[in-house]
Amino acid sequence: MTTDPGPSLADLEADPHPHLARLRSTGPVSWIPALGGWLVTDRATALDVMRDDATFTVDDPRFSTAQVVGRSMLSVDGAEHDRHRSAFSEPFRAGAVRENLGPWLRDEARRIVKSFADGGSAELRGALAAPLAVSTVLHTLGLSPADPDRVLGWYRTIGTAIEGVNAGRAVDDGAAAAVAGLRARIDETVAHGSGPLADAAGMLDADAVFANAAVIMFGAIETSEGTTASALLHLLSSPEQLAEVLADRTLVTDVVEEALRIEPAASLVDRYATRDVEVAGVNIRQGDLVTVSLAGANRDPAVFDDPDRFDLHRANARQHLTFVQGPHVCLGMHLARLETREAVDAVLDLLPGVRLVPGRSAPARGLVFRKPGSVGAAWDVSRRAPTGKV
């Protein structure tokens with residue numbers, strides 16, 4: 001442990017990348033007083049920590065998400081984790097996503113874009129990325145009759161509470177009310193007796209069904225909203241790369257992977273040491289918090305050349321760790337990828353001449369959950385195809 005105070009929480013929330021690069025240059029594991037724990041900033045060490053759930057566990061009373069919504073697949077390990085995860089895994093398999101959700105996702109992305117396309121301009125995170133993320137997870141979990149705006153409000157409040165726990169704040173009454181509202185909606189869906197939540201209720205008790213549904217919603221909304229907004233912001237910020245994608249639409253897949261790499265929507269994952277252990281020459285004590293910076297791992301210069309550049313031709317972009325590795329690899333990664341691909345395709349198909357409006361976009365920020373503040377865009381309404389002619 002050194003006397004270097006390291007970055008503050010405000011530093012990590014605003015623009016962590018220069019701070020992570022500085023820390024990484026002195027070693028892959030650093031003590032960060034503001035976090036009250038160790039921070040892992042390179043890819044190799046991040047993989048070691050995330051794959052070793054016997055030494056680095058999530059099952060600790062300090063784990064932020066569990067404090068807000070209860071025990072779930074995100075906050076337990078071993079056999080209990082496997083039981084929680086298996087109850088929800090079927091709809092998120094790659095084949096199930098492709099076959100059952102693919103056509104619906106394409107139609108939904110285009111429905112949302114068409115709803116604002118005649119206006120000639122929009123803030124694309126709010127107009128497309130967020131509503132698509134919400135409607136997709138509601139549809140996938142069988143909650144689609146719910147009011148998307150109300151669910152998004154609950155989600156934002158709960159997500160803020162989780163961020164607050166990571167920053168040392170207590171869960172407030174507003175978050176408790178949001179949890180209660182979401183819990184009531186999930187219990188009502190289970191009571192109807194069909195769909196993924198009802199299937200899970202045959203394997204888990206009501207508290208576990210709610211907690212797992214809640215963390216799936218966090219993952220689905222955060223990862224997809226953030227990735228879609230980031231992909232659009234980075235692509236529209238690079239006219240040359242945008243022209244390439246317009247000429248070769250197979251490159252949309254590469255846009256998505258590079259967006260996932262350069263700005264992971266969930267930038268930090270917490271683990272707790274179950275024993276005294278040495279990691280990369282650092283002595284970590286039993287009970288210590290060990291936080292993995294996915295943002296740091298994804299810009300590790302030992303793996304990614306010119307790591308701060310958005311490059312849709314990056315050959316190894318899929319080596320990013322945005323979806324985590326090990327037992328807690330993201331359940332919804334196939335859905336998140338497909339959702340962002342369909343969103344980008346819908347924008348490029350339906351909004352001719354789409355471009356950023358100067359001064360109307362804001363870069364990503366957030367301590368744990370990171371996404372662009374805004375993606376202000378405009379397009380040529382006069383060049384749009386007549387309604388229904390796409």
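In this predicted model, the side chain of N212 has a polar atom 2.7 Å from the backbone oxygen of A208. A further polar contact, at 2.8 Å, joins the side chain of N212 to the side chain of H84. If residues up to four places away in sequence are set aside, N212 touches S72, M73, H84, F88 and L204, so that H84 appears here both as a touching residue and as a polar partner. The relative accessible area of N212 is 0%, and because buried means under 20%, the residue counts as buried. G373, by contrast, stands 161 residues away along the chain, and its C-alpha atom is separated from that of N212 by 28 Å.

**The helix around N212**

N212 belongs to helix α11, which runs over residues 206-236 and has 31 residues. From its first C-alpha to its last, α11 reaches 44 Å, a span close to the 45 Å expected at 1.5 Å a residue. The helix is mostly covered, since 27 of its 31 residues are buried, and N212 is itself a buried residue. At the N-terminal end, α11 is capped by D205, which places a side-chain oxygen 3.3 Å from the backbone nitrogen of D207.

The distances between polar atoms described so far are gathered below.

| First atom or group | Second atom or group | Distance |
|---|---|---|
| N212, side-chain polar atom | A208, backbone oxygen | 2.7 Å |
| N212, side chain | H84, side chain | 2.8 Å |
| D205, side-chain oxygen | D207, backbone nitrogen | 3.3 Å |

**The sheet**

Elsewhere in the model, five strands make up an open sheet of mixed pairing, arranged in the order β1-β2-β8-β5-β3. The edges are taken by β1 and β3 (56-57), and because each of these has a single partner strand, one side of each is left without a neighbour in the sheet.

The partner of β1 (residues 29-32) is β2 (residues 37-40), and the two run antiparallel, joined by four bridges. Within this pair, S30 stands opposite L39 of β2. The two strands form a hairpin with four residues between them, and G36, which lies in the turn, has a positive phi of about 70 degrees.

On to the next strand in the order, β2 is joined by three bridges to β8 (residues 289-293), and these two strands run parallel. Here V40 has V292 in β8 as its bridge partner. In a regular strand, side chains alternate between the two faces of the sheet.

Key: Residues numbered from 1 in each chain as written. Predicted model: local features only at pLDDT ≥ 70, side-chain atom pairs only at ≥ 80, totals over all residues. Heavy atoms only, no water. Expected span 1.5 Å × (residues − 1). Buried < 20%, exposed > 50% of the residue type's maximum accessible area, 1.4 Å probe, protein only. Polar contact = N/O pair within 3.5 Å; in protein donor to acceptor, adjacent residues only side chain to side chain. Pairing = 2+ DSSP bridges. Contact = heavy atoms within 4.5 Å.
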